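Hi,

Here is the structure I promised to pass on. Have a look, and my notes follow underneath.

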Amino acid sequence: QWLSDRKKRALQKKDVDIRRRIELIQDFEMPTVSTKIKVSRDGQYIMAVGTYKPRIRCFDTYQLSQKFERCLDSEVVTFEILSDDYSKIVFLQCDRFVEFHSQHGHYYRTRIPKFGRDFSYHYPSCDLYFVGASSEVYRLNLEQGRFLNSLQTDASESNVCDINPVHFLFAMGTAEGKVECWDPRTRNRVGLLDCALSSVTADTEIDGLPSISALKFDGALNMAVGTSTGQVLLYDLRSSNPLIVKDHHYGLPIKSIQFQRQLDLIISADSRIIKMWNKDTGKIFTSMEPEYDINDVCLYPNSGMLMTANEAPKMNIYYIPVLGPAPKWCSFLDNLTEELEENPESTVYDDYKFVTRKDLENLGLAHLIGSSLLRAYMHGFFMDIRLYHKAKMMANPFAYEEYRREKIRQKIEETRAQRVQLKKLPKVNKELALKLIEEEGEEQQLTRKRKQKNLPSLLKDDRFKVMFENPDFQVDEQSEEFRLLNPLVSKISEKRKRKLKILEELEAQEQEEEEEPEGKASDAESSESSDDEKGWVEEVRKQRKLLRQEEKVKRQERFKEDQQTLLKPQFFEIKEGEEFRSFKDSAKKQKLMKKTLGDRLKLEEKLGTLNVSDTTVGSKQATFKLKKSEQQKKQQEAEKQHRQERKTLRRSASHLKSKRGRGRLFH
């Protein structure tokens, strides 16, 4: 938003993705939100309604620009183009008004008894059928210019309606999840479908009763119904059971249903996603998720172009070559399809770098916060990429060398990984690592027998990697805690020590093939089981006895050292010029600190260190004199003597000069 037009034009020259963008229709957008979008029957005009203010915009595809714009009194619920071009349009508005527009503009306005939600035009009789917040379906005859007898339905409210283009059957979707079909010739109901019951399957999870939110006919026999819970049902009018039930799995009401006859696809859309799927098998063909919520979808007839009305100013246009050719007015798209590539969404921040406050402190640029060089955005700032690179080079000039060394090291490690490697133990806690390897081997054998999944290894886990690398984590086997918690470690460690020696010999030889010891020593194969409770208790007692004996030996050694050492008096010498002061001074200071401020001031006045005087204003002025120590006094006396000596030397030197001058004159 803060980029200037000049920078945007410069960015278009540099950025290939921006140059590849194609703006089919100029200013194809609404001020705030677009709600409905339709194409005229001749394919020349695209009309869209939106807010704010409520308006309609007509775009001429032959001129690739806007034809006209008209503002309305209230928001449009839906609209219909009655003629082949834009000369006859009907708007159903949110305040119960029905507005008619001709080629020049507003023509007529009337009102229906209840709030309308949808309407359809019956071409043979010139009747408009309105459904809404009522059980009645209102009929308005445009030839006679008057309302006809309404159709009385069993529904409390109706949401959508449609008329079959072949045999002109009128169908309406109710809030109870049913579809009622009426014959306009006899004005009688000829069919009833319970779509709410059919939409509930074993896989679907539904909250509440599904109502009908979308309805569309395809040919003479097929009808697609969308529910408020996100299911699309495809019916054959000769059967009460759906042919297929497709769930969007979002739980959002279906907004629009379109039929693509070339590939036998159904294009269904809710506010989040547009799904294209085969109407015979239900297999997904493709899906699209725009950035903003969808309000309406319009398929340009006999082409692969798709247009959407969104909860955003910009109305999206999608071209999918597989669905069909490009329209006549943008036939050049067919020539560009081979060159167009699916690139990620380009951003206008290619010349800028996003940095946080911590990054700025590391680069030493924290003082630039608040200046024009940094643009605040979210939890950080945008800065020019050139400035960032310069600052980074100044802060760490050897960054490239370090990066190069790291890459070389990684390449060497990759080549080493391809070789046949020995089982190398870590440098720290070798015995613990060997113990874990043995336990993993036993667990793998058990899991193979039981057919279970292997558990992750501690040696390969990054969380415990430091324990086998940092010497600070080395297990101290001589500590009291270790010996009491692991009384049998001495017996078990003998086996591991032998294995460690074998492994160290193999590593020293640096053989390429793995060599394992062919068997175990006879000492290792002891018949005594480590799990025996009696042996464990005996080992614990032995360890405790050993610890007590070690403590006794340590005490005896300390006692001998204490006897050998003789305590001698220590003497301290006092520096020259300093006097020894007894502890009476500290006692006096403590007494003074206990006294109040007034008592202390009186004492200081007696000693002469404090001088209190009244000022002309009426307040008091206190001046303090710091006591000079004896060392300071001696220094001052020495400085005075030095100055006097220098003065005498200067006087004697000047006297000698004057004598020499007189002698020369007399000579």
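Let me start with strand 28 (residues 352-356), which runs antiparallel to strand 30 and is joined to it by 5 bridges. Two strands pair here if DSSP finds at least two bridges between them; helices (H or I, at least four residues) and strands (E, at least two) are DSSP runs, numbered from the N terminus. Thr-356 sits opposite Gly-380 of strand 30.

Before I go on: this is a predicted model, with local features needing pLDDT of at least 70 and side-chain atom pairs counting only at pLDDT 80 or more, while totals for chains, interfaces and linings use all residues. Residues are numbered from 1 along each chain as its sequence is written, and side-chain values use heavy atoms, leaving out hydrogens and water.

Strand 30 (residues 380-384) is also joined by 4 bridges to strand 29 (residues 374-377), again antiparallel, and Leu-374 has Met-383 as its bridge partner. The hairpin of strands 29 and 30 has 2 residues between the strands, and Met-378 takes a positive phi near 55° there. Since 4 of its 5 residues are buried (under 20% relative accessible area, 1.4 Å probe, protein chains only; exposed is over 50%, partly exposed in between), strand 30 is largely enclosed by the rest of the structure.

There's also an open sheet of 4 strands, antiparallel, in the order 17-18-19-20. Strand 17 (212-218) and strand 20 (244-247) are at the edges with a single partner strand each, so one side of each has no neighbour in the sheet. Strand 19 (residues 231-236) connects to strand 20 through 4 bridges, with Val-232 opposite Lys-246.
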